[in-house]
Structure formats: structure tokens, C-alpha cells
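Thanks for coming. I will keep this short and go from single residues to the contact between chains. Please have the structure open.

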Amino acid sequence: MENAAVKVLICEGTSGVSAGAREVLKAFGVELARFNIDKAEIISTGDRGLFRDVLVDIITPKLGRITYDFITPEKVPQIVEEHIKGNIPVKKFLAGKQYKEFFSGQERITLQNCGEIDPENLEEYLANKGYQGLKRALGEMSPQQVIDEVKKSGIRGRGGAGFPTGLKWSFCLGNPSDQKYMVCNADEGDPGAFMDRSVLEGDPQAVLEGMAIGGYAIGASNGYIYCRAEYPLAIRRLKISIDQAVKDGYLGDNILGSDFSFHITIKEGAGAFVCGEETALLASIEGFRGMPRSRPPFPAQKGLWEHPTTINNVETLANIPQIILKGGDWYASVGTESSKGTKVFALAGKVKNTGLVEVPMGTTIRDLVFGPGGGMLKKKIPFKAVQLGGPSGGCLPADLLDTPIDYESVNETGAIMGSGGMVVMDQSTCMVDMAKFFTAFTVEESCGKCVPCRIGLNRMLEVLTRITEGEGKEGDIEFLERMANSIKATALCGLGNTAPNPVLTTIRYFRDEYEAHIREKRCPAHVCPNLVKFDVIEDRCSKCGKCFKACPVDAIAWEKKTFPIIDKEKCIRCRSCINECDQMAIE
Amino acid sequence: MDSQPLDLKLIGDIIERFQKKKGTLIPLLQAIQEAYGYIPKETVNLVSKALKIFPVQIYEVLTFYAQFRLTPRGKHTLKVCLGTACHVMGGKDICDYLASQLEVKPGGTTEDGMFTLERVACVGCCGMAPVLVMDEQPFGDCTIQQSIELVEKYRAS
């Protein structure tokens, strides 16, 4: 029985799938059969966090666990033959420098199971102390004790605003009602954020367990998960997980033989960013337009169908089982004075390693971008800014790279922690264009209920568009600042209150770029179409020919060791060449 | 586009399945869209009768959420992600290019009914930006050239 305990783990979340994980999985099936290894088990896990990569772990009794990266179907026969059959790892395919770099400095609490277990198999979750937290809560603790433990942990809402979770729960516990609801906000609408998707795809049971513990603490017997429809895999895995948990008695009536019953229903969002706002989310579950309403009454008083309701984010809930199991003190030992625990960031943009990074609170932005992130994507194009908090956040410049990541420090910069999107930008990203991009997004997603957001943001977008088209005027910057501050002060909900942040932070830190657009009719990053001339800057050009290869209409003439020449008659101004250039040599 | 008469049998089953649940309007409409590919006008009146609400209350919801469409889709739906990371990595350029090549505006369907081009705010694959999603299959690290190759591949198949 030499093959008795062979396990092949393949990361098969959305990112794994698009990198080709399904083909790799198939290839392992074929090869294992070909070598008559029938005792091996192929396990499909969620993503471990590193993008553009198919990670495969092989566990054998002799060699233990060994990780391979960038696996393609062509590499599978050799791995099966030499490693599984012959017990000699295939050295040249082993996970290398990039893998190690990416995981250095990370501390994985929320993501502990992501990429490690089969998310569609409850047994594996149970084997990793799954549902032990719920067991402890139901067996040994009163609802108040659960809340005290969560308060002790110091965990704050990971959805963005950072409200202390224990306090939120205690409000709801304090409002007696025959019916209460526990809602999980999985409407991860921030463009640039994918933490919640990965947790739902990689470790759905942890979220369900967190919800059940929360339900017990606040006295709710019903829960809803409001998940975006754009995440089909997450929804499928949640459905499977709920069925399994109900079947084994971890959800449903009289959980684990106690008096506590808890039922979870999935509601698919229908595509509206504003539904991430809690009162809008509740309206949407009830079947109406997702429009926020003014508070008070707060959801803890009158929430879903007028009943007391608690709404927590996916990442927050995924931490709860471990807090109950290992204790609030353990969780509070990680992080800073005011921000406890770890935070998951979705690192993307012009950075070498993209993916999910979980670090203790208090880590600096620099440590994150140049540690696990591996630094900039293109060596010759330096760092310009990092965007935190999506459309509600801001762009921070190089001299704020040493800002520690905690709620207060990030807020001071004018950005917000947000849900954890972190998009890195280099000198080829235009800050005015970014401000326009986010404002266009919030204009589109504004529900239209209050005037400042509906009309004010539109006015800002008009001015920003004019500036990027080379029609900016003196006074535009001041107008933007005035309008932004009034919207911040007067909009009804969180969407409107924070929507001007991208404009305000880019003006604060990159005013010179606005001025270059307005006064010199120049886009320093070579982005804004009307301001780009499609000329080759010969001083910068390395004559590499990438632009020539990238052009879809053959408008670029180039031969080895010569400067490219762009035929402006043929050019369709699609910017392929500019995106491809490593030197920013086309302006 | 093939314009077969609408099979109204489907809708009866869907309404029955969802009618009695709380807050059912959105899931009901989602089920209709899944069955028909869009929300046909005829179904709105049937839903209105079944749930005892005015058609305008249904249209109010239909026009609020980006997911719902009131016109039929093309054979394939090509979504161009325009999240932050995709924007920074050139997603908008791809979207503009595809729109010009397919001769449709985002949200529209090509004349031959093959493709519906959509912009989406974020598909959550930011690590592989820029991303295209053809039907349900995501394609990461796209360039303008690859985007048009993808279209040609699907057109041929």
C-alpha cells in the first residue's frame, strides 16, 4: 500500500481556474490512472492567494508535503512518474523564489484554510478544528460571554468602517424581539477587492460558523448571506457547504443537540454597488431598490423586516470561530493598540506579485508592496501611488509608504482602510484619470436618492473629464475641492460621504499633475488620449520592438536595433504600444 | 436573432416556486432571466398579477439593478472588467477597441446576434488584470491583440 496516503492538492479558485487549474487537474487524473496509482486522492482547494499561478501540493508518506508552482498539464506526467511513483521530487518545477517572497511576512489567520483544504468537503474543515468554536460557544458560554470574548479580541469590522464587532453585537442583543437576523455582507463591490470572494471560495464553512456564533450571541435564528451574483463559484460553494453543515447538524434546528437553531439563506445580489451599504443591502433583501435610508433607527434596532439585525462582513465573520476557540486575548496579541489582528489585502496593479496578502495590523504599506508584493512590475518605471479603499478611499504617494496599516493612521492620510483593496500604480498611471475613473464609477452607482451625491458628483465628473481632455481652466481645482467638501458633509449615506475621497487625495498629493493638465495641456503619465501625441521619445527607447509587436493595426515600423516609427495615419490610438512599453518611451 | 414565440410554461413554474417566499421579487426575476436570458415584457405582467404588485414596482427594481436586462442577449456575452486594477492595466483601452471592432456600444449586442459586449465594475480577479470574461470563463492578462483573437475564436466555434 505504498500509495495509501498520496494527496494531490490543486488550487482551483477563480484565479486558479483562469490560470489553467482545471486542465492540470484533468492531467493528474489521466496520469495517475496511467501509472495505476489508484490510492491517490486529488483535492481541489480554494486559491492560496498568489495569482497567475497554478499551485500544486503533493503529499506522500515518504516526502511529506512539497509545493510546485506554475504547473501546466505538460509538466504533470513527469511529476507523477518521478515524484509520486519514484519518490524523487522534480527539482526544476518546485515552488521557487517568487512563492517564498510572496508568503514571507504574511501571517495567516483569516486565510488559514484557503488553498489548504477542499472547501466542498466538510470533513476537511472539521479536521482543522472546524465548528469547535461553535461547539464551545453553545456548550460553555452564554451569549453575553461570547460577546465579551469578541470585545476582548478587539476585532473591528473588516468591511471598511472599522466599527468594533463586539459592540455591534451587544446593541442587537440588547434589543429584545421574537425575531432577529444575522446578515453576512458578501456584496464585495469595491473594484479592486477580492478578499471576500477568496474566503468564500476557499473556506466557506468558516463564514457559516462565524454567522452561527454571531446568531447565537445576538439571539437570531435566521441568517442571510447577501452575495454578489458576479461570484458564481462562491455562491455554488456556499450552497454546498450549507447543505453539508445542515446534514451533519452544525446548522439547522437544535444545533449540536442544543436549544439553538440557525438557518441560513443565500440572497444573490443583482449588481448595485450601493447595496454594500447596510441599509441599502437590507432593502435589497426585502426585494426593493437598494436605496439607503437615514439612520437612526439603526439596523440593530429596526433592520430586516423591521426586526433587529446585525450585518457583518465576510472577513470579520471568518475570524470569529478562531477568536471563540483560542480566546480574545490570543487575537488581541496580534496587531496594534487600536487595530487588532490581521488584515487581508487584495494586492493588484503594477506590482510583481499580485494576490491576497494577510499581514498583522501595523505593517507598513512599504513592507507589503515591496515584501510579499515583490516590488514594481516594470523595473524602469518607478512607484507613484498606492490606492487604498476603492472608490471611497484615496491614492497615497511615495512619501507615505511608511504609513502603518491601522484604521487611524490610514484615515489620517485622507484614504480609508476600506475592505482591503490595494492597487499599486507607477509613473505611467495618471492621477487625474484615476480621480475621473472613481468619480465615473460612483456617478454610475449613485442610487440617486440624495441631491449632493446625484448632482454634485456629476458636476465633479464633468470638470474632471474636461481636464483630462485638455480643456481644463484656472479655478477647476478649487471648484473640485469646494464641491467635494460639500458632498462629504451633506450626502445621505457612506457611498456619498466618501465618494469625493479619490479626488481630494489626488489633489492633495498630486496637485502638480492637475496643473500640468490644466496649464500645459500635458498628461505626465501619457494616459489621457487627447493629450498623447504618440511620438517616440528616443532618449528613453530601448529599441526592443515590443510596441511593434503589440500594435493591432501594423501602424508601427521597426527593425532590430532601430527606433520604431509610428504611422499616425494608420494609428487608431488604442494605446497598445504605450501599455506594452517598459520605458514610458511613447508620449 | 431567432425570434421564437415565448414559452410561457417556464414562467408558471418559476412563479410557483418563488411566490410564497419572503422578499421574493429579486430572486424571482433572477430565475426568469436565467430561463429566458432576459426579462421579457410578457413575464412582467404575469409576475405583477401573481405577487399582486403594480408593473411599475417591478420595473423600478429591474431598472435599478445592473444585472437585469430587458432585451435579449447575443449568443455569447463578453464582459470587460473595468475595476481599478484592470483600469490601471489598460482595461479601458481593450473595451474601447472591442467596441470599435464589434461596432457596438458597451451594453449592446452585435448585429449578427453573436456577442453582447458589457462593462463590469469588477469580477474580483484583480491579480490578473486586465480581465475579460467570455460567458463564465475568465481570461486574465489580456492584451488588445488577444482580445480580438478571443472574439474570433468564439465566432468560429
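Phe28(A) has 0% relative accessibility, so Phe28(A) counts as buried. Please keep in mind that this is a predicted model. Phe28(A) belongs to helix α2 of chain A, which covers residues 21-34. What does Phe28(A) touch, if residues up to four places away in sequence are not counted? The list is Val8(A), Ile10(A), Ile42(A), Val56(A), Ile58(A), Val76(A), Ile79(A) and Val80(A). Take Ile10(A) from that list. Between Phe28(A) and Ile10(A) there are 9.8 Å from C-alpha to C-alpha, with a separation of 18 residues in sequence.

My second residue is Thr67(A), which sits in strand β4 of chain A, residues 64-68. Is Thr67(A) buried or exposed? Its relative accessibility is 17%, and the cut-off for buried is under 20%, so Thr67(A) counts as buried. The side chain of Thr67(A) has a polar contact, at 3.1 Å, with the side chain of Asp57(A). Asp57(A) is also one of the residues in contact with Thr67(A) once neighbours within four places in sequence are left aside. The others named there are Arg48(A), Leu55(A), Val56(A), Leu94(A), Ala95(A) and Tyr99(A). Val56(A) appears here as a contact of Thr67(A), and Val56(A) is also touched by Phe28(A).

Now to a sheet in chain A. Four strands make up an open sheet with parallel pairing, and their order is β7-β6-β5-β8. Which strands are at the edges? They are β7, residues 263-268, and β8, residues 309-313, and each of them pairs on one side only. On average, neighbouring strands in this sheet are turned by 20° against each other, direction ignored. As background, strands of a sheet pair through backbone hydrogen bonds, either parallel or antiparallel.

Within that sheet, look at β5, residues 181-186, and β6, residues 222-227, of chain A. How many bridges join β5 and β6? There are six, in the parallel sense. For Cys184(A), the bridge partner in β6(A) is Ile225(A). A helix also belongs in this picture: α8 of chain A, residues 165-173, lies across β5 and β8. Helix α8 runs at about 160° to β8(A).

Next is chain B. Chain B has seven helices and four strands, and along the sequence the pattern reads α-α-α-α-β-α-α-β-β-β-α. The C-alpha trace of chain B spans about 50 × 35 × 20 Å along its principal axes. Chain B has 157 residues, of which 54% count as buried. Of the contacts in chain B between residues at least 6 apart in sequence, 61% join residues at least 24 apart.

Last, the contact between the two chains. Chain A contributes 61 residues and chain B contributes 41 residues. The size of an interface is often given as the accessible area lost when the parts come together. Here chain B and chain A bury about 3800 Å² between them, with 59% of that on carbon and sulfur atoms. How many salt bridges are there between chain B and chain A? The count is two. A salt bridge joins the side chains of Glu444(A) and Arg119(B), at 3.9 Å from N to O. The number of residue pairs in polar contact between the chains, both at pLDDT 80 or more, is 21. On the side of chain B that touches chain A, the elements giving two or more residues are α2 (25-36), α4 (55-64), α5 (84-88), α6 (91-102), β4 (137-139) and α7 (144-156) of chain B.

How values were computed
Residues are numbered from 1 along each chain as its sequence is written. Chains are lettered from A and ligands numbered from 1 in the order in which they are written. This is a predicted model: local features need pLDDT of at least 70, side-chain atom pairs count only at pLDDT 80 or more; totals for chains, interfaces and linings use all residues. Side-chain values use heavy atoms; hydrogens and water are left out. Two strands pair if DSSP finds at least two bridges between them. Axes are lines fitted to C-alpha atoms, for helices over the stretch in contact, and angles run from 0 to 180 degrees between N-to-C directions. Contact means heavy atoms within 4.5 Å. Buried means under 20% relative accessible area, exposed over 50%, partly exposed in between (1.4 Å probe, protein chains only). A polar contact is a pair of N or O atoms within 3.5 Å; within protein, one must be able to donate a hydrogen and the other to accept it, and residues adjacent in sequence count only if both atoms are side-chain atoms. Buried area is the accessible area (1.4 Å probe) that two parts lose on being put together, summed over both. A salt bridge is a side-chain nitrogen of Lys or Arg within 4 Å of a carboxyl oxygen of Asp or Glu.
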